[in-house]
Amino acid sequence: MARTSPNIVITGTPGVGKTSHCEVLAERTGLRHLSVNQIVKDRDCHEGWDEEYQSWIVDEDKLLDALEEEVKDGGCIIDWHACDLFPKRWVDLVVVLRVDSQTLYDRLTARKYPEVKLQENLDSEIMEVILQEARESYDEEIVVELTSNTSDEMETNIDRIEAWMKQWKEDNKAAT
């Protein structure tokens, strides 16, 4: 059966505004916000805690198994700092959020990230690691890069994603 609502991945380096975008989008669109960080904790999709990085070591196979039933019918916004593990068949749009280095530094410092984790995330953003992973993993036409330095940019991004979703539903009416 064809999906009646799309699945959207909102991704980017930690601190770019993924969760903020997802929460507002879920509220406005009725899509389900799937916070991968929360799912990893709640459904035990990890292999333990990494002290140095202060984060869970994700078991990707367990994670995909935990998500599969939820995403198969569509209507999900998947919120995580990676996207390349999600099967193409699950994903209709990949939004890669980006911020400038100073904004990211300020946000991660405010979160009290350990120095090694702070530096790794800054390097990842500067080197466009997540954007490149998205472009290598999914068809070019479904990967969108959006800037998220300010609340005005966030608002514009959400409007764009809503417009895309409306068009997706229109284009996929015949399939349902």
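Helices here are DSSP runs of H or I with at least four residues, numbered from the N terminus; strands are runs of E with at least two. The model is predicted. The chain has seven helices and seven strands. This briefing covers the overall fold, then helices α5 and α7, then the residue N7.

**Overall fold**
- Starting at the N terminus, the order of elements is β-α-β-α-β-β-α-β-β-α-α-α-β-α.
- The radius of gyration is 16 Å, close to the 16 Å that the globule rule gives for 176 residues, so the chain is as compact as a globular protein of that length.
- The C-alpha trace spans about 50 × 35 × 30 Å along its principal axes.
- Of the 176 residues in the chain, 45% are buried.
- Contacts often bridge long stretches of sequence: among those between residues at least 6 apart, 74% join residues at least 24 apart.
- The exposed area of the chain is about 9,500 Å². Carbon and sulfur atoms supply 45% of that area.

**Helix α5 (residues 115-126)**
- Twelve residues make up α5, and at 1.5 Å a residue they should span 16 Å. The C-alpha atoms at the two ends are 16 Å apart, which agrees with that expectation.
- K117, L118, N121, L122, S124 and E125 are the buried residues named for α5.
- Viewed down the axis of α5, these buried residues fall within an arc of 160°, so they line one face of the helix.
- E115 and I126, on the other side of α5, are exposed.
- The cover over the buried residues of α5 includes two strands, β4 (55-58) and β6 (93-98). It also includes two helices, α4 (101-110) and α6 (129-137).
- After α5 comes E128, which has a positive phi, near 60°.

**Helix α7 (residues 151-171)**
- α7 has 21 residues. From first C-alpha to last it reaches 30 Å, close to the 30 Å expected at 1.5 Å a residue.
- Its buried residues are M154, N157, I158, I161, M165 and W168.
- Seen down the axis of α7, the buried residues fall within an arc of 100°, so they too line one face of their helix.
- The other side of α7 carries the exposed residues D152, K166 and D171.
- The buried residues of α7 pack against the strands β1, β6 and β7 (143-147), and against the helix α1 (18-29).
- β6 therefore appears in both helix settings: it is part of the cover of α5, and the buried residues of α7 pack against it.

**Residue N7**
- N7 sits in the segment before β1 (8-11).
- The relative accessible area of N7 is 0%. Buried means under 20%, so N7 counts as buried.
- Beyond its neighbours within four places in sequence, N7 is in contact with V71, G74, G75, C76, W90, V91, D92 and L93.
- Two of these contact residues, C76 and W90, also offer backbone atoms to the side chain of N7.
- The N7 side chain reaches the backbone nitrogen of C76 at 3.1 Å.
- A polar atom of the N7 side chain lies 2.9 Å from the backbone oxygen of W90.
- N7 and A26 are 19 residues apart in sequence. Their C-alpha atoms are 12 Å apart in space.

Technical notes
Residues numbered from 1 in each chain as written. Predicted model: local features only at pLDDT ≥ 70, side-chain atom pairs only at ≥ 80, totals over all residues. Heavy atoms only, no water. Expected span 1.5 Å × (residues − 1). Buried < 20%, exposed > 50% of the residue type's maximum accessible area, 1.4 Å probe, protein only. Arc of directions from axis to C-beta. Contact = heavy atoms within 4.5 Å. Rg over C-alpha atoms; globule rule 2.2 N^0.38 Å. Areas by Shrake-Rupley, 256 points an atom, 1.4 Å probe, with all protein chains shown as cover. Polar contact = N/O pair within 3.5 Å; in protein donor to acceptor, adjacent residues only side chain to side chain.
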